[in-house]
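I pulled up this model today to take notes on its pocket and on one of its strands. Here is what I looked at.

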Amino acid sequence: MSNNNFSFIDHPDSIGDTTRFWFIRHAIVNEKDRSYLYGTKDVPICPTHLKKQQTYYQFLAKKLPKTQLWFITSLSRTRDTALQIQKAGYGSENLQIENAFLEQNLGAWQGLSHVTVEKHRKFSAHPFWPFSAEETPPKGENMNDVHQRVSCKMEEFSKIYTNKDIIVISHGGAIRAALAYASKIPINSALSFAIYNLSITLIEKTREHWHIITVNDMI
């Protein structure tokens with residue numbers, strides 16, 4: 001039987017052997033690209049929202065802990081989001097690419113409209129996601145696959161970066177997968193979490209236990 005960590009007590013300080021993951025969903029993408037399923041397609045962030053949401057970036061620059069551990073994916077929307085946060089007052093840090101935190105690969109369905117894909121689905125769509133967790137687009141992956149790669153990397157990082165803060169600029173699907181793993185719930189259930197653009201989801205690994213601190217924290 002494991003010892004009780006007493007981490008249910010409300011306090012801002014982590015106890016020993018803790019790794020904190022600060023997941024941030026990238027900024028809103030360009031308007032024309034929001035009209036179809038883009039998955040891992042490299043689409044730019046929206047310049048109109050970029051101008052309107054400078055206070056969001058400033059909030060994140062102040063809220064996030066000081067650390068050199070900044071991870072993005074290979075998609076420009078995560079890099080550009082990270083650079084905007086750093087520019088808003090955080091300061092410059094090296095950005096490392098880690099594609100374990102990439103969005104769901106929609107394969108042959110990337111670039112298709114939501115209406116078009118409805119004709120090809122084998123399972124009913126999730127109320128808050130284009131597909132159920134079991135749906136596997138041709139030449140793509142399902143959300144169970146995303147859960148597998150995200151959870152493996154979280155475990156790996158928790159060992160490598162014990163007692164460190166890790167900032168991960170990621171994607172809605174990957175962050176929901178992280179929540180599913182940390183809370184030990186089915187990924188299909190985790191798809192009901194709201195993960196807005198530029199929101200913080202804070203998850204920590206304390207010794208052998210996962211602990212969710214906050215979900216979808218915004219300005």
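Pocket first. I looked up the largest pocket in this predicted model, and its volume comes out at about 410 Å³. I then listed its lining, which has 19 residues, and checked which sit closest to the centre: R25, Y38, H114, W129 and P130. I also sorted the lining by residue class and got 10 nonpolar, five polar and four charged.

Next, strand β5. I checked residues 200-206 for burial, and seven of the seven are buried. How do the two faces of β5 compare, covered or not? I split the strand by side: I200, L202, E204 and T206 lie on one face, T201, I203 and K205 lie on the other, and all of them are buried. I note that E204 and K205 are on that buried list too, one on each side.

Then the neighbours of β5. I found that β1 (residues 18-25) pairs with β5 in the antiparallel sense, over seven bridges. For one contact in that pairing, I looked up F23 and found T201 of β5 as its bridge partner.

I went on to β6 (residues 209-217), which also runs antiparallel to β5, with six bridges between them. Here I picked I203, and it stands opposite I212 in β6.

Last, the turn. The hairpin of β5 and β6 has two residues between the strands, and I noted that R207 takes a positive phi there, near 55 degrees.

My summary for β5: it is mostly covered, and it pairs antiparallel with β1 and with β6.

Note on methods:
Residues are numbered from 1 along each chain as its sequence is written. This is a predicted model: local features need pLDDT of at least 70, side-chain atom pairs count only at pLDDT 80 or more; totals for chains, interfaces and linings use all residues. Side-chain values use heavy atoms; hydrogens and water are left out. On a 1 Å grid over the protein atoms alone, a cavity is a set of points where a 1.4 Å probe fits but cannot get out, and a pocket is an open set with protein on both sides within 12 Å along at least five of seven lines; lining residues have an atom within 4 Å of a point. Grid points are joined across faces, edges and corners, and a volume is the space filled by probe spheres set on the points. Ala, Val, Leu, Ile, Met, Phe, Trp, Tyr, Cys and Pro count as nonpolar, Asp, Glu, Lys and Arg as charged, and the others, Gly among them, as polar. Buried means under 20% relative accessible area, exposed over 50%, partly exposed in between (1.4 Å probe, protein chains only). Helices (H or I, at least four residues) and strands (E, at least two) are DSSP runs, numbered from the N terminus. Two strands pair if DSSP finds at least two bridges between them.
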